[in-house]
Amino acid sequence: MFRKHAARLATAAVLGLGSLAALAGPAHAEPIDYVKIELLDLTCHRQSEGDHDEAYLKITDANGNQVKVWPGSAKYQTMGTNYVRSLTDGNGNAALVLGKQQARTLTLWDYDTTSGDDKLGATLVTGTEAGSEIQYRSLEGSGGVYTIAYRVIDI
């Protein structure tokens, strides 16, 4: 009996399992229902500095890391009062996929070359928003005022 128990502990250690539950047999967990945040557009109502902001958008991924999702290939996108920019080139990012019972934070930043980047606002998006209409969220920070439009869709 002791050898069998020791063998299970050794197997669990090698596999990096937090418990022996994985060795107890097949799990009957509920399947995770996934959704995707579909980014639509960003409107600047008031830029935070000078004649324009250098805006970019990040999202927290499943591990809590900040991942840049927009603009896709550029470092930032110039934004000024009354500018409207499409966010659709960021929609291919895997960090936009989440479980229906999960949430992600979208954070808008202003890129600065001479100091730390300025936070222009953030909003929490939940998977339970799936199936609802387009969402409009106000983002405010460092004097800037923006609106982000997105929807959460079933995948």
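Is Lys 100 buried, partly exposed or exposed? Lys 100 is partly exposed, because its relative accessible area is 25%. Here buried means under 20% relative accessible area, exposed means over 50%, and partly exposed lies in between (1.4 Å probe, protein chains only).

This is a predicted model: local features need pLDDT of at least 70, side-chain atom pairs count only at pLDDT 80 or more, and totals for chains, interfaces and linings use all residues. Residues are numbered from 1 along each chain as its sequence is written, and side-chain values use heavy atoms, with hydrogens and water left out.

**Overall build**

- The chain has one helix and ten strands. Helices (H or I, at least four residues) and strands (E, at least two) are DSSP runs, numbered from the N terminus.
- Along the sequence, the pattern reads α-β-β-β-β-β-β-β-β-β-β.
- The chain holds 155 residues, and 35% of them count as buried.
- Contacts (heavy atoms within 4.5 Å) often span the sequence: among those between residues at least 6 apart, 61% join residues at least 24 apart.
- The accessible surface of the chain comes to about 9000 Å², and 52% of that belongs to carbon and sulfur atoms. Accessible areas come from the Shrake-Rupley method with a 1.4 Å probe; for residues, only the protein chains shown count as cover.

**Confidence**

- The average pLDDT of the chain is 86, and 80% of the residues score at least 70. pLDDT is the predictor's confidence in each residue, from 0 to 100.
- Over residues 1-25, pLDDT stays under 50. For this stretch the model has nine contacts beyond four places in sequence.

**Salt bridges**

- Side chains of opposite charge can pair when their charged atoms come close.
- The whole structure contains four salt bridges. Each is a side-chain nitrogen of Lys or Arg within 4 Å of a carboxyl oxygen of Asp or Glu.
- Asp 33 pairs with Lys 100 in one salt bridge, with the closest N and O atoms 3.3 Å apart. The two sit 67 residues apart: Asp 33 in the loop between helix 1 (2-15) and strand 1, Lys 100 in the loop between strand 6 (97-99) and strand 7 (103-110).
- Asp 154 also forms a salt bridge with Lys 100, at 3.1 Å from N to O. Asp 154 lies in strand 10, 54 residues from Lys 100.
- Shared partners join Asp 33, Lys 100 and Asp 154 into one network. Asp 33 is partly exposed at 39% relative accessible area, and Asp 154 is partly exposed at 45%.
- Arg 151 and Glu 38 form a salt bridge, their closest N and O atoms being 2.4 Å apart. This pair links strand 10 (residues 144-154), home of Arg 151, to strand 1, home of Glu 38, across 113 residues.
- Arg 151 counts as partly exposed, because its relative accessibility is 31%.

**A buried charge**

- Glu 54 lies in strand 2 (residues 53-60).
- Glu 54 is buried yet has no salt bridge. The nearest side chain of opposite charge, Arg 85, is 11 Å away. Lys and Arg count as positive and Asp and Glu as negative; His and the chain ends are not counted.
- Leaving out residues up to four places away in sequence, Glu 54 touches several residues, including Tyr 76, Trp 109 and Tyr 111.

**A nonpolar patch**

- Ile 32, Tyr 34 and Ile 155 make a nonpolar surface patch of about 320 Å². Patches are made of residues with over 30% relative accessible area and no salt bridge: like charges are joined within 9 Å, nonpolar side chains (Val, Leu, Ile, Met, Phe, Trp, Tyr) within 5 Å.
- Tyr 34 lies in strand 1 (residues 34-46). Tyr 34 counts as partly exposed, at 38% relative accessibility.
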